[in-house]
Amino acid sequence: MSLTVERVPGEARQAQDPGLRHRLAERGIDRQLLLLVPAVLFVVLLFLYPFLYGLQLSFAPDEGGPLASYQAFFSDPYQSGTIWITLKLALPAALINVLASVPIAYRMRGSFRGKRLLTIVLVVPITLGTVLTAQGLLNYLGPAGWFNKILMTLGLIDDPVRLVNNYWGVFFSLVITGFPFAFLLILSYLSGIDPTLERAAATLGADWRQRFRHITLPLLAPGLATTFCLAFVLAFSVFPSAVLVGNPAGETRVLALAAYQAAYEQYDYSLASAIAMVMGAVELIVIGVVLLWRSRLYTGSTGGKG
Amino acid sequence: MTEGAFTELRLDGVGRRFAGKDALVDLDLTIRAGEFIALLGPSGCGKSTALNCLAGLLPLTAGSIWQQGPDGERRIDTLPPEKRGFGMVFQSYALFPHMSVRRNISFGLQMRRLARAEVARRTTEAIRLVQLEEHADKLPGQLSGGQQQRVAIARAVVLEPSLVLMDEPLSNLDAKLRLEMRSEIRRLHQSLGLTTVYVTHDQEEALSLADRLVVLRQGRVQQIGTSEELHTRPANWHVADFMGFRNIVEVDATHVDGTDVVVQGEGLRLRGTATAPTAVGDRVVAAVRPEDVLVGAGTDGADGPNATPATVEVVGYQGRELAVEVRTAAGRALHLRTEQRLAPGDAVTLTVDPERLLVYPLAAGEHVPAPLVAAVP
């Protein structure tokens, strides 16, 4: 048998100029990183440029000094109150989505009959989109919806409970659309934890509560922090459901809505940009706090496949 | 902790099925306190299943497990793992990656809500036992494989469990470390007197460690015995095959005189010792260890028992000895070990003491698999 191996063309080319590749490798540069260039360009053009444009716009109001737009926003409680309104919606919604996902994902780690179907049912809301969810909420939770009808037929209440066109409508919408997202992330974090660890804890005398508290939870915590951040950002930029199932003039006038009104109803682009910057700053502060807490946790290997 | 101490642990017809397939069938075994038992077999033989059933990590689908203590017999297969009080060492070690060595080892003591001072004292003692004093505050990820293994062992024995279960604990270590840890485990067993059930697929490891071995194949017990019994008298040809009888030949019995048998097949005519009643004409298996095949060069030794001419084909250096593969005139490959310096192409005459050539019955329809490498033309 012949021992000669046919060289594939790519291999032959590499063999010809090992010099450049090695010189780059010595400097810690992998030539394949050049493949990232299109993606970097994309980010610069579609994110960095508009961001910087908006940033300078926020400091260039039509009237007044460079900070006039920020002054206008913070001095008007109707405007600055939107920060609190948005936080009051996004923080609890993100928290509930993360907390509700944990026990469900925990039960669904292993493989069992019907797991795929159950996952689909849990994930479907993410595919429906906000508008369809809002419509469903109006039909179901509205004053003449099934929920109130049933409660009234049972005689539990005399007047319909108001659950849409106010804070609760938007809150439910955020929970419904945000849950699948948090659930899928947490499920993947959980399956990254080696199940043998819990078995080991069991042979050491830990019951299921102790196993969860001392083994699973500490290993999952960094994942929970990340999931919370992403779920929060998703909820914080709420816009359609605040209009459709909320009370956009009052208790659910969120930051995104305020920015929209500044830009397209008052045509004050500088103020709109300033609001967008405030929005970004608040998000960064919340994420910063969570990540600061996360950095104090164990974030190494969790022994599993993830 | 001596609350779960037992004088005897009895497995009574233990079985486990997975999705309609038997992984373990009808395992009867009595483990006496202080004993070191090895469950031995090729992968998929059910040895790990048996261990997990004992630990309570897998529910049984048949049978029961009983613990004979000072206050009578108690059924334990219905208890969850955390209530059994057995220690377990996992193949992957399963150290808690977010806890220091000290916290890993003290975890079990803390779960038992022992006094803080006692937890600290026993943990320190266990760390000293496995010689990890200077690594006590490191995370498992910062330790070498051997050190992790020692943490896993310390974590299991610090509770002074009535039974320690070990699931192939050495299989992830390199050869040198494996030998060191092997004697370490034996030393721990001797000094602490811990009853141990040890799962392995390495027959050498099992023979050197255990007081008694349980050989499993396809979920069924093949033989239970001491190392000596298994080494010299395997119960059937499957066990012989697994215990290092590398020369296994399917032949016919042509002469039977009590246990003295003559067999013929594959161009060989051999005298051996029957392990079970055999009749002339029976299809049987002749098994012999490589170290029991003796070599006379050329035609010397042609008068020896079972003299068979052969040609050396492959020679592997093993230090004092050579591992040699020869081929008979009829084309049958045989393995032997010798201190003679043979080279490929040498003509040799093989002899085998009939006492060392064991003849096993072959079940109807059963066949010895053909050797892996066919003759080179």
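User: How many residues does helix α5 of chain A have, and what span is expected of it at 1.5 Å a residue?

Analyst: In this predicted model, helix α5 of chain A, residues 77-107, has 31 residues, and the expected span is 45 Å, to which the 46 Å between its first and last C-alpha atoms comes close.

User: What makes A:Asp76 a cap of α5(A)?

Analyst: A side-chain oxygen of A:Asp76 lies 3.0 Å from the backbone nitrogen of A:Tyr78, at the N-terminal end of the helix; a polar contact requires N or O atoms within 3.5 Å, so this pair meets the cut-off.

User: Where does α5(A) bend, and which proline follows?

Analyst: The bend, of about 25°, is at A:Ser101, and A:Pro103 follows within four residues.

User: Why does the span of helix α3 of chain A agree with its number of residues?

Analyst: Because the 22 residues of helix α3, residues 37-58, should span 32 Å at 1.5 Å a residue, the 30 Å between its end C-alpha atoms agrees with that expectation. This helix also has a bend, of about 35°, at A:Val44.

User: Why is the pair B:Glu82 and A:Arg211 called a salt bridge?

Analyst: The closest N and O atoms of B:Glu82 and A:Arg211 are 3.3 Å apart, and the rule asks for a side-chain nitrogen of Lys or Arg within 4 Å of a carboxyl oxygen of Asp or Glu, so the pair qualifies. Across the interface of chain A and chain B, the rule finds one salt bridge.

User: What area do chain A and chain B bury between them, and which three residues of chain A supply the most?

Analyst: The two chains bury about 1900 Å² between them, 69% of it on carbon and sulfur atoms, while A:Arg199, A:Thr203 and A:Leu204 supply 36% of the area that chain A buries against chain B, more than any other three residues.

Terms used:
Residues are numbered from 1 along each chain as its sequence is written. Chains are lettered from A and ligands numbered from 1 in the order in which they are written. This is a predicted model: local features need pLDDT of at least 70, side-chain atom pairs count only at pLDDT 80 or more; totals for chains, interfaces and linings use all residues. Side-chain values use heavy atoms; hydrogens and water are left out. Helices (H or I, at least four residues) and strands (E, at least two) are DSSP runs, numbered from the N terminus. The expected span of a helix is 1.5 Å times one less than its number of residues. The bend at a residue is the angle between axes fitted to the seven residues ending there and the seven starting there. Buried area is the accessible area (1.4 Å probe) that two parts lose on being put together, summed over both. A polar contact is a pair of N or O atoms within 3.5 Å; within protein, one must be able to donate a hydrogen and the other to accept it, and residues adjacent in sequence count only if both atoms are side-chain atoms.
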